[in-house]
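Colleague: Could you take me through the strand pairing and the nonpolar packing of this model, with the cut-offs stated as we go?

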Amino acid sequence: MSLLARAPAFAVLCGWIGALSAVRLGVSPIAAAAAGGLCTAAVLLWGEGAFPAPGSLPPAVLILLVSFLGSWWVAARLVQAPELPRRLDETGRVLLERSWGSSRVALMGFPSGRFLVALPWGTGAMEGQMYRVRGGPRPFRSSDSLRGFDEEAYWRCRGAQGVLDAALLEFRSPPSGWVAWRNGVRSALLLNLPSPVRGYLLAAWLGRRDPDLARQHARWGTSHILAVSGFHVALVVGILHLLLRRVPGRLLWESLFLWGYVLLAGAAASALRAGAMIQVVLLGGALGRPSRAFHSLCVAALLLLALNPWLFTDLGFRLSVLSVLVLSSWSGLPRPFLPLAGPLVWLVTAPLVTWAFGTVPVAGLAVNLLALPFFALFFPLVSLLSLPALAGLPGSALLAFPGELMAEAFALVADGICRILPWQVPFSPLLASLAAGAAAFGALRASSCSVPRAILAALGLAGGVLAWSVRVLAGV
C-alpha cells in the first residue's frame, strides 16, 4: 500500500508544519506556503518510491493543492494582527483564571472578542462569573527569541486577541449553566475526598493540577499523567464502547460523551487533539472504513490547526501529537519489543521538554513503564469508588481509602526509581537529532515508505536538526 493510499494526510501535515515553522522564522505567508508545498512534494516523492504510479497523479496533484492553499491559510492567520477596539466597555464571562507572575489574570470572553484581564490585588475570579469591564485593549508582547517565553503565542493559542488594561472591573452575576455544574464538581471533589485522590480526579476530570502532585510528577518525569490527553480520553471512550456495545445509536452517544468529557476537562490542546482523533476513528468505523491511528492523528492535527493555527506554538499540543505519532507509527513492532514504546516517547519528546524547562529526569524512562498500566487501572477504579462520596452518602469517603493506598504505593516506587536514577538530561543537539530521526523513521514506515528510504530520510533530518540546533545554541 502506497503513502497516497495509506496516509495522505501525513504529507499535507508535513507541508503545514513546514509552512508554520517558516512563518514563525519571519518568512512571508506566500513564501511559507511555497515551502509547505515543497515539503509535501518531497514527502510524496520520497514515500511513494516509484512515482508517478498508474492513477496516482490526480490524487497527488489534489494533495499538493490542499497543502499549498492550506499552508497559505494557516500561515496568513498566524501573522495576521487582530483588530482591537479602541475602547471596550462590555460585560464578559471569565473563561479561565490563573496566576501570572506575582498577580492573577483572567481570560474573558466579550462580544468584541477574548481578552486577558489583570485582576486587581486581592481580587479572585471564578470561571463562569460575569463582569462589566471598561478599559483599553493593547496587543500582546511577542518574543523574538527562539528559546524565550512568548506571551503572545501562549495566549493566542487560547483564543485571546490582546490584553485589556481595565479601568473598571464590576461583578455582575455568578456562574450559571454548564460552568456552574463544573464548578460544583470541583467543590465536591475538594470537600469530600482526601489527598492525593482528589488531586488525581481534579486532573483527570477537570484538567486542574494540584501543585503538590504536579511537583511530584515533574520529578518522576510523568507530568503527562496530570494533563488530559489521549490516555484519559481513550480510557473514557473505551469504557463507553464496552458499556454501549448493544445500545442503538452508539456512535451518537459515544460522540456526545466524548466531547462532553473534553469540555468538562477544560478543552486543553492535548484533549482537543485526542477528541478529534478518536472522533475520526469512530466515524471511520461507522462508515466501514478501517481505522488507522497514525492517519487519524494526522487528520485530527490538520483539523485543529485549520481552526486555530496558534495551536502549533503550544507545547502541550506538540507533545501530545508527537507522543501519539510515536505510539501509532511504532505499533507494528513485534510483541517482545513493545515495551520500547515508552522509552521512544521519552526520547522524542525530551528535546521539547528540555528546550522549555531546562532538563528532563532520566528516571522517567523507567517510571513511565509502570505509570501507563498503573493509571489505566487507577483512574477508572478511583472514579467509580469516589461516586458515593460525591453524592454525599454517609461514610462513603472510606471507599477512597484503596485509592490512597495505591497512590502512595506508586509514589514510593517512583521515588525509589528516582534515587536509583537521579540524573537530569539537559537539552543537547545530539538528543534533538536522535529524536528527529526516530520520529521521522517511524512516521515514514507507518506511511508505507520502504525501510532503506525511511532510514535515509531519518538520517538526513537528524543531520539537519543537529546542524540547526548547534547554530541556534551558538546564538543564544
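Colleague: Over how many bridges do strand 2 and strand 3 pair?

Modeller: This is a predicted model in which local features need pLDDT of at least 70 and side-chain atom pairs count only at pLDDT 80 or more, while totals for chains, interfaces and linings use all residues. Residues are numbered from 1 along each chain as its sequence is written, and side-chain values use heavy atoms, with hydrogens and water left out. Strands are DSSP runs of E with at least two residues, helices runs of H or I with at least four, both numbered from the N terminus, and two strands pair if DSSP finds at least two bridges between them. Strand 3 covers residues 113–118, and its antiparallel pairing with strand 2 runs over six bridges.

Colleague: Which residue in the turn between strand 1 and strand 2 has a positive phi?

Modeller: Strand 1 (residues 88–100) and strand 2 (residues 103–110) are antiparallel, paired over seven bridges, and Arg98 stands opposite Val105. The two strands form a hairpin with two residues between them, and the positive phi, about 70 degrees, belongs to Gly101.

Colleague: Which helix gives the most residues to the largest nonpolar core?

Modeller: Such a core joins buried (under 20% relative accessible area, 1.4 Å probe, protein chains only) Ala, Val, Leu, Ile, Met, Phe, Trp, Tyr and Cys residues through side-chain atoms within 4.5 Å. The largest has 58 residues, and Phe10 and Leu305 are among those touching the most other members. With 10 residues, the greatest contribution comes from helix 2 (residues 8–24).

Notes:
Buried < 20%, exposed > 50% of the residue type's maximum accessible area, 1.4 Å probe, protein only.
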